[in-house]
Structure formats: C-alpha cells, structure tokens
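Open the structure in your viewer and keep the selection tool at hand. The stops below can be followed in order, with a pause at each.

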Amino acid sequence: MCGIVGYIGELDSKEILLKGLEKLEYRGYDSAGIAVRNEDGVTIFKEKGRIADLRLAVEDDVHSKTGIGHTRWATHGVPNQINAHPHQSESGRYTLVHNGVIENYHILQKEHLQGVEMKSDTDTEVIVQLLEKFSNGMTTAEAFRHTLSLLHGSYAIALLDSEEAQTIYVAKNKSPLLVGLGEDFNVVASDAMAMLQVTNEYIELHDQEMVIVKKDSVEIQKLDGSIVGRESYIAELDLSDIEKGTYPHYMLKEIDEQPAVMRKIIQAYQNEQDELEIDDAILSAINKADRLYIIAAGTSYHAGLVGKEYFEKIAGIPVEVHIASEFGYNMPLLSENPLFIFITQSGETADSRQVLVKIKKLGHTTLTVTNVKGSTISRESDYTLLLHAGPEIAVASTKAYTAQIAVLAITAALVAKNTGHSVDFDIVQEIGIVANAMQALVDSKEEMEQVARDFLATTRNAFFIGRNLDFCVSMEGALKLKEISYIQAEGFAGGELKHGTIALIEDGTPVFALATQKAVSLNIRGNVKEVVARGANPCIIAMEGMEEEGDTIILPKVHPLLTPLISVIPLQLISYYASLHRDCDVDKPRNLAKSVTVE
Ligand code: M6R
C-alpha cells in the first residue's frame, strides 16, 4: 500500500511526480502529496483525496528539478491533509515520504524523541524526526543509515535534505522500490510503471539498502556503509500495457484481455518444439513433495482452491489451501516433505510474505506463482512461475485470476506427464478452446449488463452458489461483486445454504447458481428449487449441454476441469456493470488498494 516516486534531473519535477503518482494510485488513494526543492527551499503540497485533488492544489509557478511524492493508503492516522505525506522534521531540514509500517515507532518515539512535537499521527513522522536528531554530528548519509538500523518493519523511503540540493536519499526494506536511470536524470518509484514515462531502465534494490541518488549517479550502500554494485535491467513493459486506451475502466480492459492472456500463457510455456515446458527443477521439487501447501489471499486464494483440484485430480498429489493471514500463526501439522506454493498477483502481499519468511526459516522449498517478475515474494522464493497476464491495474482482480488457474492447470498437467499419470486431454488444445469461449463471453457485454440490471439494480444482498469447482468460482463471484458494488454478497457451497443461510432468502433475493459440473448438476438444480421456493430470484449460469429452460446464461462448452476459467467471466462482467449502475468507483473501490503490503 502507498506508492512513492522521486525525480532529480534537469526537467521540472512537478509534472513527472504527478504523472508517476497517477500510475501508482492503485496502491492507495486516500491522500497524496509532493515535495519539490528549488533555490527557495522545499515546498510541500498535500491533499486528502485523489491525485486529481492534489493536482489542483499544486501551484503552477513553483518550479523545481528535484522532488518526491506519495500516494497513501492510511495505516496510522486517518486519511487527512496532516497525515498525508511528505512529512517534515521539526526544523524543516528533512522531508520524506514512506511506504510501509514501522512497528516500533512508539518505542523509538519514547526513547529518542521526548520533547519533539509531532504534527501527525503517523509512524512515518518518527523516521524524519529521528533523522534530524541524529544529523547533529553525523552526515545525512550516516544519520539516515543509523535511523534505518533502528527501524523494525517495512519501508520504502525517499528523502530530501534542504541543505543538499543535488541528492535524493532512498532506502528499502520489505516494501518495493526501484531506481530508474536516465540521461541527466534519475528517478525512484515503488513500481516501474510509475516512471515508464521517462525511462525503462531500472536498478532493483534489496532489503536494508540505502541509495544516494544524484542526477548523474546512483550509489547503493548497505546499512554498514559498504558500497554495493548492481547491474541495471530493461523493464519489459510497454506504455500501452498500463494505459486504459479507449476503455472507460481498467477493469473492463482487463476482463477483455483474458482470451489473449490465455494464448500468451501457452506461448510463454511452449518450447521451440511447441511442447509445454516448465523448469525441470520445479517439476522435480513438486515430484519430491508428499503434499503441496498453497498459501494465498483474496482472489488468489480462490484460484488456489481451483489449483488444489488440478493437482489432486490430474497429478494425484494431495494439496491443502490456506489463507495466508491465518496460516502464519495457526500452522497445521505439516507433512514430511511439503512444498509451499505462494499464489500472488502482485508478489508483494504482506500476509503471504510473512508466511514465506516463516517457511524459509523451517527450511522448506517454496514456489511462487506471480504476475510480477522480480517482486519481493518471487525473489525470496526458491522458484517462480510467471502469469504473463500483463500489468493488472484495477483493484478487482480479473485476468490475474484466470491466468493463475491456467498456469496451475498447465503445471499440474506437466507434473502428471512427468510422473506417468495418464492425462486424457491435451491441455494446449483445451486452453485454446477456453480462449475462444472467453471471447464469446466478453463479446456479450450487453447481455451481462442486462443481467446486472435485472438482478442487482436495487438489491441489498446476493448469493452465489455452486458445487465442486463451481463452489470455488462462487466465492470469487461474490468477492468481485461486493468489493466493487458494495452489495453484501456471499459464495456458498450449494448444499450448505440450507444449514442456516437460507434464512436470509427473501422475496427477490438474487441467487446466482453455477451449473457446469455434470456429477452434481441435479444437486445444484435441487438447491435452486429450495431457494426459489422461498422467493429467491435465480440467475442460473449453465454449461452448454447441461442447460434447462429458463436458465439465464449458457456458457460455451469447455473441458469440465477448466470451467472456472469461463464461468467467472459473466460474474466479472455482472459485477462490473452492477458497480457502474451504482455509480461506484469501479477501478478504485472504497477502503481498498491493489497491493496489500500490510498484515
Ligand atoms: O497480489 P495478491 O494476489 O497477493 O493479492 C491478494 C488479494 O489482495 C487480492 O487478490 C484481492 O483479493 C483482489 N483485489 C480481489 O479482487
């Protein structure tokens, strides 16, 4: 959560910072600010609200070639102008922006900052005040390193010293941060997307590093002051990947991209002979395991539930799926040779990362399935499988979910092949069929918009039911609807509703029922009858060949194991239109952020 940027060079920094922050807004959007430095000193602009509000507050006639900026998702202190970053030290000498959480800020405040009047309720202000205190008798670099050595928690920091016009100091621990390189300028950002406007050449930073960034040099230091050399890399991103283009929302663009993502995944995992291939070391790690433990949060957890079916049914390996935030302190008894699979679109989710840290301490092997190459969880795992879905910017995850399922299906099929399990379908061909089916569904937007109108226009709540794989997708459908339309929605196993929740069914309550699994099709139809008898308004989404008169949406036929890849598409679109009809902010729903980097 929170995004930071910094620029030092020859151009006016204001516009570069604001544009960068716009690209980082997915990380948090309750308040924002920039600090720019020129011969008059450091000027701060900050506002509660979006970058658009900040833009209005920034004065046109302030010019500067150095600056830092921040977009916030509040952790300590309510979202208001005072708690918005940048924060400044007592004398005004130091100004900084911070992404992360300083766990021991209270202790540090008590031990070192008695008598210092704090202006905000943030943990961040403690960092800048400590820095000023230690700068007495130390250089800024020394004082900064000393301050960093006292911090417990996560941070990505960009710092201006009003006495040093030619430098931005930055530091990183557990929160993402990159330095971007240019001709006569350098930049820093939480994410390459933020600075793609000016450069695509980046240097990755590691935890507990401090960097002295000038317009023509970048010096990385460890906290003991020793200098670290590191090569830069070219970010494989295109500006068009991160622009909305003609779409009104990123979510709609990302829903539409799903057929192409399926094809891209196949290409990415095919070798020169057009055979599917993943790293032998990954296959062998999975083969050695007597049980797989999938760890994830939110939508990625829902993809993990589908993945369990694949590894168990296709490859015959037992799997447990766990919510990351629970697993960390409530670890089950582990098998003798476990393999941990972390599923995370962003690769930065703090709940998942804290499990990874514990698992590594126990010495177990780890694999990360992620969309972001070089992300923290990917770097810290033994192995990585990439999703190849392209940047996902809308807070509501869509293409990453289907990409996660496709990559898990491919992996399970390859493991099965490797261990001599018979697989009675050609996964490449079946994913090709899925891509075509997805295309037909994303092309039927008018129909989906009408379903949203018919079922969700005025309702307070909605239920999603399904059995087996359809149950996994029901949970994802409910999450999608509630997070962007604020309609109370729950996903249930079809058979479970009658054990209590059916009490909530009233006249007109929408119940979305998925019927794609032949073995349980009579049972789910029975569950629909139960809710209809109590007044529910059922929307049945059935697979071609299993449809009955009166069903609302018929899904093109795909392999029964791959139905989650297509049954979710109408649910994504219906949620999108429900959000739109209710005038909600589709891409940036309230209280949320794309990358959840706090536990
Ligand atoms: O980046 P991750 O996949 O680890 O994120 C996990 C969840 O925060 C995420 O899937 C969240 O539930 C989605 N925004 C829901 O659409």
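What follows is a walk through a predicted model, with residues to select at each stop.

**Stop 1: His85 and Pro86**

Select His85, which sits in the loop between β4 (66-72) and β5 (87-88). Is His85 buried or exposed? With a relative accessible area of 3%, His85 is buried, since the cut-off for that word is under 20%. Now show its side chain and look for two partners. The side chain of His70 makes a polar contact with that of His85 at 3.4 Å. The backbone nitrogen of His98 is reached by the His85 side chain at 3.2 Å.

Add Pro86 to the selection; Pro86 also belongs to the loop between β4 and β5. The peptide bond that joins His85 and Pro86 is cis, with omega about 0°.

**Stop 2: Thr368**

Go to strand β19, residues 365-370, and pick Thr368. Its relative accessibility is 0%, so Thr368 counts as buried. Its side chain reaches the backbone oxygen of Ile377 at 3.4 Å.

**Stop 3: salt bridges**

Side chains of opposite charge can pair when their charged atoms come close. How many salt bridges does a search of the whole structure find? The search gives 28, and a few of them are visited here.

Select Asp12 and Lys14. They form a salt bridge in which the closest N and O atoms are 3.6 Å apart. Asp12 is partly exposed, at 30% relative accessibility, whereas Lys14 is buried at 10%.

Next select Glu243 and Lys23, a salt bridge with its closest N and O atoms 3.7 Å apart. Glu243 lies in the loop between α6 (239-242) and α7 (250-256), and Lys23 in helix α1 (residues 13-24), so this pair ties together parts that are 220 residues apart in sequence. Both ends count as partly exposed: Glu243 has a relative accessibility of 32%, and Lys23 has 22%.

Then select Glu209 and Arg230, whose side chains meet in a salt bridge at 2.6 Å, N to O. Glu209 is in strand β12 (residues 209-214) and Arg230 in the loop between β14 (227-228) and β15 (233-234); the pair links distant parts of the chain, 21 residues apart. Glu209 is buried at 4% relative accessibility, while Arg230 is partly exposed at 23%.

To end this stop, select Lys172, Asp207, Arg353 and Glu380 together. These residues are linked in a network of salt bridges.

**Stop 4: Lys174**

Move to the loop between β8 (168-173) and β9 (178-182), where Lys174 is found. What is notable about the backbone of Lys174 is phi, near 70°: a positive value in a residue other than glycine. Lys174 counts as partly exposed, with 35% relative accessibility.

**Stop 5: Asp274 and its patch**

Finish in the loop between α8 (258-268) and α9 (280-288) by selecting Asp274. Its phi is near 65°, again positive in a residue other than glycine. Asp274 counts as exposed because its relative accessibility is 54% and the cut-off is over 50%.

Which residues form a negative surface patch with Asp274? Add Glu275, Glu277, Asp279 and Asp280 to the selection, and the patch is complete. Show the surface of these residues to see the last stop of the tour.

Methods
Residues are numbered from 1 along each chain as its sequence is written. This is a predicted model: local features need pLDDT of at least 70, side-chain atom pairs count only at pLDDT 80 or more; totals for chains, interfaces and linings use all residues. Side-chain values use heavy atoms; hydrogens and water are left out. Patches are made of residues with over 30% relative accessible area and no salt bridge: like charges are joined within 9 Å, nonpolar side chains (Val, Leu, Ile, Met, Phe, Trp, Tyr) within 5 Å. Accessible areas come from the Shrake-Rupley method with a 1.4 Å probe; for residues, only the protein chains shown count as cover. A salt bridge is a side-chain nitrogen of Lys or Arg within 4 Å of a carboxyl oxygen of Asp or Glu. Lys and Arg count as positive and Asp and Glu as negative; His and the chain ends are not counted. The place of a charge is taken as NZ of Lys, CZ of Arg, CG of Asp or CD of Glu. Helices (H or I, at least four residues) and strands (E, at least two) are DSSP runs, numbered from the N terminus. Buried means under 20% relative accessible area, exposed over 50%, partly exposed in between (1.4 Å probe, protein chains only). A polar contact is a pair of N or O atoms within 3.5 Å; within protein, one must be able to donate a hydrogen and the other to accept it, and residues adjacent in sequence count only if both atoms are side-chain atoms.
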